[in-house]
Amino acid sequence: LRVSPHVLGHSKAHVGRVVAELVRAAKAQGLQPGPLALSLRGDFVRIGSAYEQHKVRSPDCFDILVPLRLPPYLEPQPRCAHGLRPRGAFVCGLRAREGWSRRCRPFAEGFCVELQGRSHLSSALVLRWFQGHLQRCLGAVRYRLQERCRVSLSACPGHPPTLHILPCSDYVCCHISMAVRLIPAIPLGDALYLTALPPQSPQGPPVPDALWGLNASRQEQRMLGWLKEQAPASSCHLKCLQILKGLRDLRGQGLEEPFCSQWGRVLSSYVLKTALFSVLLQGPLEAWDERFLVERLEDLVLYLRDCLRKQVLMDFFLGNTSIPEAVVLPRFLKEATPVNLLSAFDRPTLDLVAFQLISTWIQAPHIIRMYSSPRYLRPVPAP
């Protein structure tokens, strides 16, 4: 599971340089945005396991938030999308600072859709614009970077575009291709962002174009930073998260569809991280010293099993009043409606995942021996 810090460090540095070039070129192209007036803010935010010290298996997949800038006369007004699936989704209305006027109309026609009788910013239209805007700017980046690497951009409908980077010559000592998911984000202030929701599974209902997800990655990073300060220097909490993610992936090698996909969605990395935060705050952090790794890992597995059986695992940041005061949260998060991360799954699925989770923990040595051989390892998918 371990990722070489040396390789990961070089990969992150190279990704940062290439993304900075692309964002700079895209911002320059958007300085005269025309009547639609959507543009890039010019910065980017590194998120995900590669930047939180719990990445597993491969150093070649990264997530980057790319903040967008609305027209100067419009402000986002997010609110919880009550009564709409999936739970925890948001809609984003727009407020004109000087009242709606003729100059607001082109933007509304290009980026807004009607939902429940009101006009809202469309995540699908924003994502489509973002993909096209980056693709148009790629030529300038290719020319500047051609001696260092080859870059290309791929897009799948409903998903953020992925930047593919292939280093050339000896510019990067570790010759690996990298995939960087570039996620367009609407800034809300206080390091909060709205991002497009991923499409539902083929069996699920389609996600309305007006729905957004709330991204609190910076708050997660603050929480991890606070835990690092408070826990023992040899704390094993991140190691427990890595091992549990690894066991989930290995167990998935032996499962057949459709349960294999359900297994991965129920035990997503965000669900595992949420469970870890909850267990960490239940007891003294001194108990997470590395010599207690097996005991703490078992606590985490049993906590997850109980959540699956009860069909309840609440989002850690939305409406949570038990977060330590040292971890400053925006008022918007504190006052948000609490969200159950397991509400989208039926009882038989959650019961089966709970059974498989305990079975995986009991048989962990056997599963590691069986599925860690090269012939069983599936290629790591692009993010």
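**Note on the predicted model: N-terminal segment, strand β5, cores and a helix crossing**

1. Valine 3 is placed in the segment that precedes α1. The model under review is a predicted one. Because its relative accessibility is 14%, and buried means under 20%, valine 3 counts as buried. Leaving aside residues up to four places away in sequence, valine 3 touches Leu8, Lys55, Val56, Arg57, Ser58 and Pro59. With serine 58, the C-alpha separation is 6.2 Å, although the two residues are 55 residues apart along the chain.

2. Strand β5 spans residues 90-96, and six of its seven residues are buried; the strand is therefore largely enclosed by the rest of the structure. Strand β4 (residues 74-80) runs antiparallel to β5 and is joined to it by seven bridges. Within this pairing, leucine 74 stands opposite alanine 96 of β5.

3. Strand β5 also pairs with β12 (residues 211-215), again in an antiparallel arrangement, here through two bridges. The partner of valine 91 in β12 is leucine 211.

4. As to side-chain packing, the largest nonpolar core holds 107 residues, and Leu121, Leu163 and Leu182 touch the most other members. Helix α1 (residues 5-29) supplies the largest share of this core, namely nine residues. Since domain 1 (5-217) and domain 2 (231-376) both give residues to this core, it lies between them. In general terms, nonpolar side chains tend to be buried together in soluble globular proteins.

5. Which residues does leucine 121 touch, not counting residues up to four places away in sequence? Its contacts are Leu70, Cys92, Leu94, Phe107, Phe111, Cys112, Val126, Ile186, Ala210 and Trp212. Cys92 and Leu94 fall within the 90-96 range of β5, and Trp212 falls within the 211-215 range of β12. Apart from the largest core there is a second, separate core of seven residues, which includes Ala81, Leu84, Ala89 and Ala210.

6. The final point concerns two helices. The axes of α6 (residues 259-266) and α10 (residues 347-362) come within 10 Å and cross at roughly 80°. Because angles of 65 to 115 degrees count as roughly perpendicular, α6 is roughly perpendicular to α10. On the α6 side the contact is made by Phe259, Gln262, Trp263 and Val266. On the α10 side, Thr349, Leu350, Leu352, Val353, Gln356, Leu357 and Thr360 take part.

Terms used. Residues numbered from 1 in each chain as written. Predicted model: local features only at pLDDT ≥ 70, side-chain atom pairs only at ≥ 80, totals over all residues. Heavy atoms only, no water. Buried < 20%, exposed > 50% of the residue type's maximum accessible area, 1.4 Å probe, protein only. Helix = DSSP H or I, 4+ residues; strand = E, 2+ residues; numbered from the N terminus. Pairing = 2+ DSSP bridges. Core = buried A, V, L, I, M, F, W, Y, C linked by side-chain atoms within 4.5 Å. Domains from an automatic or database assignment. Contact = heavy atoms within 4.5 Å. Axes fitted to C-alpha atoms, helices over the stretch in contact; angles between N-to-C directions. Parallel < 35°, antiparallel > 145°, perpendicular 65-115°, else oblique.
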